[in-house]
Amino acid sequence: LLRGPTELRRFLDRYVDGPTTYSWEWDRHEVSMVGSAAWLLAEGTETATSEERVAQHRYRMTMVLERREGRWLVRQVHGSSPH
């Protein structure tokens with residue numbers, strides 16, 4: 001569980017520098033918006049590539065965004081894979 005931009009930045013730095021490369025291919029996505037809030041549901045396939053192997057599994061992501069001063073800010077992200 002990450003809280004705040006500092007924890008998120010540390011996590012992303014470790015994630016990017018790690019031995020595995022991740023990519024996603026989206027089969028379906030839905031975006032809804034009310035006022036200054038928007039949310040996304042995306043479903044697809046995650047590919048994890050390392051020196052040892054390539055693994056693929058289904059993946060789902062949800063995201064909540066807020067529009068402030070002309071910019072979209074990410075307020076919450078959740079991703080999961082059933083493996």
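**Figure 1. Overall fold of the predicted model, whose elements follow the order α-β-β-β-β from the N terminus.** In this predicted model, the protein is built from one helix and four strands. The C-alpha trace spans about 45 × 30 × 20 Å along its principal axes, and the radius of gyration of the protein is 15 Å, whereas a compact globule of 83 residues would have a value near 12 Å. Of the contacts in the protein with a separation of 6 or more, 27% are made by residues 24 or more positions apart.

**Figure 2. Surface and interior of the protein, in which 17% of the 83 residues are buried.** The protein exposes about 6,800 Å², and carbon and sulfur atoms supply 52% of this area.

**Figure 3. Close-up of Glu-46, a residue of strand β2, which covers residues 37–49.** Glu-46 is buried yet takes part in no salt bridge; the nearest side chain of opposite charge belongs to Arg-53, and it lies 9.6 Å away, a distance that cannot qualify because a salt bridge requires a side-chain nitrogen of Lys or Arg within 4 Å of a carboxyl oxygen of Asp or Glu. The side chain of Glu-46 is instead joined to the side chain of Trp-24 by a polar contact of 3.4 Å.

**Figure 4. Contact partners of Glu-46 beyond its neighbours within four places in sequence.** With those neighbours set aside, Glu-46 is in contact with Tyr-22, Ser-23 and Trp-24, with Ala-55, Gln-56, His-57 and Tyr-59, and with Ser-81. Among these partners, Trp-24 is also the residue whose side chain forms the 3.4 Å polar contact with the side chain of Glu-46.

**Figure 5. Close-up of Glu-52, situated in the loop between β2 and β3, the latter comprising residues 54–68.** Glu-52 has a relative accessible area of 68% and is therefore classed as exposed, given that the class begins over 50%. Although Glu-52 and Thr-20 are 32 residues apart along the chain, their C-alpha atoms are separated by 9.6 Å.

**Figure 6. Close-up of Arg-14, which is placed in helix α1, formed by residues 4–17.** Arg-14 counts as exposed because its relative accessible area is 55%, a value that lies over the 50% cut-off for this class. Between Arg-14 and Leu-73 there are 22 Å in space, taken from C-alpha to C-alpha, and the two residues are 59 residues apart in sequence.

Technical notes
Residues numbered from 1 in each chain as written. Predicted model: local features only at pLDDT ≥ 70, side-chain atom pairs only at ≥ 80, totals over all residues. Heavy atoms only, no water. Helix = DSSP H or I, 4+ residues; strand = E, 2+ residues; numbered from the N terminus. Buried < 20%, exposed > 50% of the residue type's maximum accessible area, 1.4 Å probe, protein only. Lys, Arg positive; Asp, Glu negative; His and termini not counted. Polar contact = N/O pair within 3.5 Å; in protein donor to acceptor, adjacent residues only side chain to side chain. Contact = heavy atoms within 4.5 Å. Rg over C-alpha atoms; globule rule 2.2 N^0.38 Å. Areas by Shrake-Rupley, 256 points an atom, 1.4 Å probe, with all protein chains shown as cover.
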